[in-house]
Amino acid sequence: MVGGEAAAAVEELVSGVRQATDFAEQFRSYSESEKQWKARMEFILRHLPDYRDPPDGGGRLDQLLSLSMVWANHLFLGCSYNKDLLDKVMEMADGIEVEDLPQFTTRSELMKKHQS
């Protein structure tokens with residue numbers, strides 16, 4: 001029966017998403033708001049298959065978590081990083097929708113206003 005197979009496939013997919021979400025939840029920082037965590041979790045889950053640790057270790061998951069923090073810190077706290085690193089995380093986050101982001105003024109922008 002095709003309908004039963006489709007339903008089983010959907011249930012398997014939903015179960016996999018739940019497992020991935022439960023797995024990612026352990027990496028939430030106590031200081032993250034719900035909005036920040038939702039965005040960072042989407043970043044993590046999107047790239048988790050590419051950053052799974054190999055059996056011999058290797059720290060790929062740590063690298064992904066670090067990249068997710070760089071992205072979130074830049075977006076929500078206005079932190080600045082090396083251009084190549086920011087380019088990488090912004091490319092990784094392409095398509096992740098985050099509403100009502102804070103607006104930050106950089107030191108360079110403040111200095112330009114002051115000099116005018």
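**Exercise 1.** Work out whether E34 is buried or exposed, then do the other end of its salt bridge.

*Solution.* Start with the cut-offs: buried means under 20% relative accessible area, exposed over 50%, and partly exposed in between (1.4 Å probe, protein chains only). E34 has a relative accessible area of 54%, so it is exposed. Next, find the partner: the side chain of E34 meets that of R28 in a salt bridge, at 3.3 Å from N to O. (A salt bridge is a side-chain nitrogen of Lys or Arg within 4 Å of a carboxyl oxygen of Asp or Glu.) Last, R28 comes out at 27%, so call it partly exposed.

A quick word on the model: it is predicted, so local features need pLDDT of at least 70 and side-chain atom pairs count only at pLDDT 80 or more, while totals for chains, interfaces and linings use all residues. Residues are numbered from 1 along each chain as its sequence is written, and side-chain values use heavy atoms, with hydrogens and water left out.

**Exercise 2.** Find how many salt bridges the whole structure has, and go through the remaining ones.

*Solution.* The search turns up three. Side chains of opposite charge can pair when their charged atoms come close.

- E32 and R40 pair at 2.6 Å, N to O. E32 is buried at 10% relative accessibility, and R40 is buried at 2%.
- D87 and K83 pair at 2.7 Å, N to O. They sit four residues apart in helix α4, so about one helical turn separates them. D87 is partly exposed at 38%, whereas K83 is exposed at 58%.

**Exercise 3.** Describe where E32 sits and which residues it touches.

*Solution.* First, place it: E32 lies in the loop between α1 (2–25) and α2 (34–47). (Helices are DSSP runs of H or I, at least four residues, and strands are runs of E, at least two, numbered from the N terminus.) Then list its contacts, meaning heavy atoms within 4.5 Å. Leaving out residues up to four places away in sequence, E32 touches F27, W37 and R40.

**Exercise 4.** Check why the length of α3 makes sense for a helix.

*Solution.* The expected span is 1.5 Å times one less than the number of residues. For the 18 residues of α3 that gives 26 Å, and the end C-alpha atoms are 25 Å apart, which agrees. Now look along the helix: its buried residues include L64, W71 and F76. Just past the end of α3, G78 takes a positive phi of about 80 degrees.
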